[in-house]
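Here is a friendly walk through one protein model. Have the viewer open beside you as you read.

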Amino acid sequence: MGILRLPSLIANAKHFTKLQSLCHRNHSDVSKGYLAVYVGEIQKTRIVVPISFLEQPLFQDLLRKSEEEFGFHHSMGGLTIHCEEDVFMNLTCRLSSS
């Protein structure tokens with residue numbers, strides 16, 4: 001079993017809480033400097049992320065892989081990233097802390 005670090009768990013919990021609160025806002029209410037993405041393999045969850053993530057190589061790689069596998073046209077009408085929600089949350093936590 002791996003070692004759990006309390007500070008990183010607390011940071012992840014705070015980040016998750018912030019993302020969850022952004023998810024439950026009105027769908028047309030995306031603050032300047034943020035964009036909404038739909039994440040999930042089957043059930044899609046709307047998550048609002050900072051535009052600055054678009055400059056991050058890890059996020060760009062995730063977008064590139066999603067484009068290669070699924071293209072740009074999605075039934076949700078927005079940017080859809082096909083990965084598990086917890087994997088996406090882990091990635092955004094790492095991007096936020098860097």
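The report below starts with the overall layout and then turns to the sheet, the helices, the core and a few single residues.

## Overall layout

Please keep in mind that this is a predicted model. The protein has three helices and three strands, and read along the sequence they follow the pattern α-β-β-α-β-α. Of its 98 residues, 30% count as buried.

How are the contacts spread along the sequence? Among contacts between residues at least 6 apart in sequence, 53% join residues at least 24 apart.

## The sheet

The three strands make an open sheet in the order E2-E1-E3, and the pairing is mixed. Its edge strands are E2 (45–50) and E3 (79–81), each of which pairs on one side only. From one strand to the next, the twist averages 40°. As background, strands of a sheet pair through backbone hydrogen bonds, either parallel or antiparallel.

Strand E1 (residues 34–39) pairs with E2 in the antiparallel sense, over six bridges. You can trace that register with two partners in E2: Tyr34 is bridged to Pro50, and Val37 is bridged to Ile47. The two strands form a hairpin with five residues between them, and Gly40 in the turn has a positive phi of about 145°.

Is E2 enclosed or open to its surroundings? Five of the six residues of E2 are buried, so this strand is largely enclosed by the rest of the structure. Val48 lies in E2 and has a relative accessible area of 3%, which puts it among the buried residues, as the limit is under 20%. The C-alpha atoms of Val48 and Val30 are 7.2 Å apart in space, while the two residues are 18 apart in sequence.

## Helices against the sheet

Two helices can be placed relative to the strands. Helix H2 (residues 57–70) lies across E2 and E3, and runs at about 95° to E3. H3 lies across E1, E2 and E3, and runs at about 10° to E2.

Thr92 is a polar residue to look at in helix H3, which spans residues 85–97. Where does the side chain of Thr92 reach? Its partner is the backbone oxygen of Met89, at 2.9 Å. Thr92 counts as buried because its relative accessibility is 0%.

## The nonpolar core

In soluble globular proteins, nonpolar side chains tend to be buried together. Here the largest nonpolar core has 14 residues, and those touching the most other members are Val37, Val39, Ile47, Val49, Phe59, Ile81 and Phe88. Elements that give two or more residues to this core are E1, E2, H2 and H3. H3 gives the most, with four residues.

Ile81 is a good residue to select in the viewer. Leaving aside neighbours within four places in sequence, Ile81 is in contact with Val37, Tyr38, Val39, Gly40, Phe59, Leu62, Leu63, Ser66 and Phe88.

## Aromatic rings

A pair of aromatic rings is described by the distance of the centres and the angle of the planes. How many aromatic pairs are there? The count comes to two. The rings of Phe53 and Phe59 have centres 5.8 Å apart and planes at 55°, so this pair is tilted.

Phe53, Phe59 and Phe88 form one aromatic cluster. Phe53 is buried, with a relative accessible area of 5%, and Phe59 is buried too, with a value of 0%.

## The loop between E1 and E2

Back at the hairpin, Glu41 sits in the loop between E1 and E2. Is Glu41 buried or exposed? Its relative accessible area is 52%, so Glu41 counts as exposed, for which the limit is over 50%.

Which residues does Glu41 touch, leaving aside neighbours within four places in sequence? Glu41 is in contact with Cys83 and Glu84. Glu41 and Cys83 are 42 residues apart in sequence, and their C-alpha atoms are 5.5 Å apart in space.

How values were computed
Residues numbered from 1 in each chain as written. Predicted model: local features only at pLDDT ≥ 70, side-chain atom pairs only at ≥ 80, totals over all residues. Heavy atoms only, no water. Buried < 20%, exposed > 50% of the residue type's maximum accessible area, 1.4 Å probe, protein only. Polar contact = N/O pair within 3.5 Å; in protein donor to acceptor, adjacent residues only side chain to side chain. Pairing = 2+ DSSP bridges. Axes fitted to C-alpha atoms, helices over the stretch in contact; angles between N-to-C directions. Contact = heavy atoms within 4.5 Å. Phe/Tyr/Trp six-rings, centres within 6.5 Å; stacked < 30°, edge-to-face > 60°. Core = buried A, V, L, I, M, F, W, Y, C linked by side-chain atoms within 4.5 Å.
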